[in-house]
Amino acid sequence: MQDSNQIALDVVRSILDAAHPATLDVAGTLVTTVVSRDPPAASHEPRFNGSVAQAVLPAPVRAACAWDGGNVTLVFSVVRETVPRYQGDVCLGVHTGTCCILWCNVRAAVDRAASGEPASLTALAALVKRGPAAAEQPSINRALRRMVSEAGLPMPTKSKVQIAEAQLPGGQIEGGADAAFARALLVSLLKHDFVDRRGAAKRGVPLIDFTKLDLSEAA
């Protein structure tokens, strides 16, 4: 089998290439998304560990999401893991200008897959809070898990949501890369107001109605 990081890079590329306009139900609110591609960025690293050298990285996808009274733009891109244990791994990242919303280490998923089994691509469906909000972390994460579950998204553990399964060694995504993109988009929209609650006012009408979630002001 070819190097797992090369497989991971091909998987992320296929998800980005499958980005498409969509209208999603996000916790009862319809969100319309228009997608565009940024110019490909030159790779400042000679290669992702174990993969073929990349002159440029796959072009990031910009998803402009709008709902009645509010909007946000999410950027999907291939990113390198920097945590020492996984340094250099190929990941799928979703960011705004100021926040990381979703992070999926695709190479780690490939490496974890048992022989003959698909790689399960997962991302956190939980937050780590610090400062005054730390005491509210359990209630915040219960609320987020409930919303993810109600959206019909599979959760293999209490803290992880599945974005896709990729067949090995070819990297083909079960159900199609377009479905994987839509799932990553939905997870990101569900998480966004939880991750950047203080910035919600700048986005207009909040996408998530926190008054219905029985959370304190410190959360």
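## Strand E8, the core and the largest pocket

Strand E8, which spans residues 160-166, is mostly covered, with five of its seven residues buried, and the model in which this is seen is a predicted one. E8 runs antiparallel to strand E7 (residues 119-124), and six bridges join the two strands; within this pairing, Ser120 has Glu165 of E8 as its bridge partner.

The largest nonpolar core contains 62 residues, and those with the most contacts inside it are Leu74, Phe76, Leu121, Leu185, Leu189 and Phe194. Helix H4 gives the most to this core, contributing 10 residues. In soluble globular proteins, nonpolar side chains tend to be buried together.

The largest pocket has a volume of about 490 Å³, and of the 21 residues that line this pocket, Trp103, Cys104, Ala123, Leu124 and Lys160 are the closest to its centre. Strand E6 (100-105), helix H2 (106-112), E7 and H4 each supply at least two residues of the lining, with E6 giving the most, at six residues. The composition of the lining by class is set out below.

| Class in the lining of the largest pocket | Residues |
|---|---|
| Nonpolar | 14 residues |
| Polar | two residues |
| Charged | five residues |

A further point concerns Val205, which is found in the segment after helix H4 (177-195). Because its relative accessibility is 42%, Val205 counts as partly exposed. Not counting residues up to four places away in sequence, Val205 touches Trp67, Asp68, Gly69 and Gly70; the C-alpha atoms of Val205 and Gly70 are separated by 4.8 Å, although these two residues are 135 residues apart along the chain.

Conventions: Residues numbered from 1 in each chain as written. Predicted model: local features only at pLDDT ≥ 70, side-chain atom pairs only at ≥ 80, totals over all residues. Heavy atoms only, no water. Buried < 20%, exposed > 50% of the residue type's maximum accessible area, 1.4 Å probe, protein only. Helix = DSSP H or I, 4+ residues; strand = E, 2+ residues; numbered from the N terminus. Pairing = 2+ DSSP bridges. Contact = heavy atoms within 4.5 Å. Core = buried A, V, L, I, M, F, W, Y, C linked by side-chain atoms within 4.5 Å. 1 Å grid on protein atoms, 1.4 Å probe; cavity = no way out; pocket = protein on both sides within 12 Å on 5 of 7 lines; lining within 4 Å. Points joined across faces, edges and corners; volume = space filled by probe spheres on them. Nonpolar A, V, L, I, M, F, W, Y, C, P; charged D, E, K, R; others polar.
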